[in-house]
Amino acid sequence: MKHHDVIIIGAGAAGLMCAATAGYRGRDVLVLDNAKQAGRKILISGGGRCNFTNQKVEPNNFICSNAHFVKSALARYRSSDFIDLVERHGIEYHERDHGQLFCNDSAKEIVTMLLTECEWAGAQIKLRTEISEISQNEQGQFVLVTDKEHYTCDSLVMATGGLSMPKLGASPYGYHIAQQFGLKLLPTHAGLVPFTWHSEQKQKFEPLSGIAVPSTITSKDGTQFSEALLFTHRGLSGPAILQISNFWKAGETISINLLPGVDARAAIELVLANHPKQSLRNTLSHWLPKRLVEALFDESLLNKAMNQLVHSELELLAIDLESWEILMNGTEGYRTAEVTLGGVDTDELSSKTMEAKSVSGLYFIGEVMDVSGWLGGFNFQWAWSSGVAAGQAV
Ligand code: FAD
């Protein structure tokens, strides 16, 4: 039986950050993971370039049943701290829309940086290790039975992530351990995920696959995002949809403004005054891709000249363009979701250290808990900040 001060389960974003932080404090740290590679989600993130943080991180960029929970960890390890780390490792990066920061070259650089930090801090990492049992002995130490060795530790950190992308090794193991130790879980569902069509919508909209348009999308609770909307074979995607999926509940419609920043009524009035004989098809084709126009509006309406449209038709047209209400079938689920909403209830954890209030020495960090970020580097920032918070405490 080997003893370590700290064992971290999960060599992902949060686990590696926690390991390096605790290692630098002189703790004897072992990271265990059942995957054959560390940081697999980091490697495929941001289209292979890892959107590792955001220039502007605020607590309201996160979804958590306790809105205050994220504040302490985010304030103590900021995006500027992670940017400093990236710069110290000589990784070149660039900023995209909305303050998102990406590697210039490859997400591999972030994994290499984290593994280097772990090495410098003396934290060991053991991959391909299946943990079959975790218990506590009489001294309050955690006892881990694995397919290789048995271990004891004083602090156990669960950094096993959420359920999204099972093919990358996502598992509910962290939730099982939380339940085993009597911690409450909040229901989980897929977040930052594309929507799927109902079968009758599929026939109509599938040919639009590949079309992207600017949009403002509003969910039933009034949350709004202005970003690109993408039509796919299966449904709707693109940044606007991924963002709104975090706020969508099954059975709810979403409202899509296809002319963001434009007053549709005023624009229609202007065409009516200046080009009264222009067909509606031509009018709309100046504003939206022709295939989209033809899918959204009836042929007979599109063939009418602007001055042949009656007042109620013009009114409906403006409504359809500014607030197209659409009821989607559902989401693509964990298969393609970037995050998992819900998880270990943050009421069970200290917001300063991520330690379970009722189980001394047991910590939860990263996505396994009920904290999910918006699209834009916020999920990694939560992994870094919560990982450091626990790493400073274990
Ligand atoms: P993970 O990084 O998922 O790590 C969990 C680790 O636990 C894994 O190594 C896994 O193998 C291990 N594990 C699981 N079960 C067990 C078990 N039973 N035994 C042992 N080990 C186990 N966020 C951003 O901020 N920016 C992005 O650009 C971005 N892009 C993304 C792209 C995709 C396709 C996906 C799926 C997600 C993306 N995310 C992005 C979200 C981000 O990857 C996660 O929020 C983040 O990785 C969570 O970190 P974590 O350490 O909590 O979990």
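## A first look at the fold

The chain's secondary structure adds up to 14 helices and 21 strands; these are DSSP runs numbered from the N terminus, with H or I over at least four residues for a helix and E over at least two for a strand. This is a predicted model, in which local features need pLDDT of at least 70, side-chain atom pairs count only at pLDDT 80 or more, and totals for chains, interfaces and linings use all residues. Residues are numbered from 1 along each chain as its sequence is written, and side-chain values use heavy atoms, with hydrogens and water left out.

### The whole chain

Along the principal axes, the C-alpha atoms fill a box of roughly 85 × 40 × 35 Å. Of the 394 residues, 55% count as buried. Buried here means under 20% relative accessible area, exposed means over 50%, and partly exposed is in between (1.4 Å probe, protein chains only).

The chain exposes about 17,100 Å², and carbon and sulfur atoms supply 50% of that area. Accessible areas come from the Shrake-Rupley method with a 1.4 Å probe, and for residues only the protein chains shown count as cover.

Now for contacts, meaning heavy atoms within 4.5 Å. Take those between residues at least 6 apart in sequence: 72% of them join residues at least 24 apart.

As for charge, there are 33 positive and 43 negative side chains, and the centres of the two sets lie 3 Å apart. Lys and Arg count as positive and Asp and Glu as negative, while His and the chain ends are not counted. Each charge is placed at NZ of Lys, CZ of Arg, CG of Asp or CD of Glu.

### Inside the cores

In soluble globular proteins, nonpolar side chains tend to be buried together. A nonpolar core is a set of buried Ala, Val, Leu, Ile, Met, Phe, Trp, Tyr and Cys residues joined through side-chain atoms within 4.5 Å. The largest one here has 80 residues, and F82, I110, L144, L156, W382 and W384 have the most contacts inside it. Zoom in on I110: leaving out residues up to four places away in sequence, I110 touches I42, C50, F52, F82, V86, I91, C103 and W384. Apart from that core lies another, of 42 residues, with F195, V213, I241 and F297 among them.

### Cysteines that stay single

How many disulfides does a search of the whole structure find? Zero. A disulfide is a covalent bond between the sulfur atoms of two cysteines, and the test used here is a pair of cysteine sulfur atoms within 2.5 Å. C50 doesn't make the cut because the closest cysteine sulfur, in C103, is 5.4 Å from its own, too far for a bond. For C118, the closest cysteine sulfur is in C18, 9.4 Å away, which is also too far. C50 counts as buried, at 0% relative accessibility, and C118 counts as buried at 0% too.

### Two unusual backbone angles

Most residues other than glycine have a negative phi, and most peptide bonds are trans. R128 has a positive phi, near 50°, and sits in the loop between β7 (124-126) and β8 (131-136). L192 has a positive phi of about 45°, in the loop between β11 (185-191) and β12 (195-196). Which of the words buried or exposed fits R128? R128 counts as exposed, at 53% relative accessibility. L192, on the other hand, is buried at 1%.

### Pairs across the sequence

Here are some residue pairs, with their spacing along the chain and in space.

| Pair | Apart in sequence | C-alpha to C-alpha |
|---|---|---|
| Q124 and L30 | 94 residues | 4.8 Å |
| M165 and K41 | 124 residues | 8.8 Å |
| S385 and K41 | 344 residues | 17 Å |
| E355 and S80 | 275 residues | 25 Å |

Q124 is in strand β7 and counts as partly exposed, at 37% relative accessibility. Neighbours within four places aside, Q124 touches H4, V29, L30 and V31.

M165 lies in the loop between β10 (150-158) and α6 (173-180) and counts as buried at 19%. Its contacts beyond four places in sequence include K41, I44 and Y334.

S385 belongs to helix α14 (residues 378-391) and is buried, with a relative accessible area of 0%. With neighbours within four places left aside, S385 is in contact with A73, L74 and Y77.

E355 has its place in the loop between β19 (339-344) and β20 (362-364). Among its contacts beyond four places in sequence are E348, L349 and Y363.
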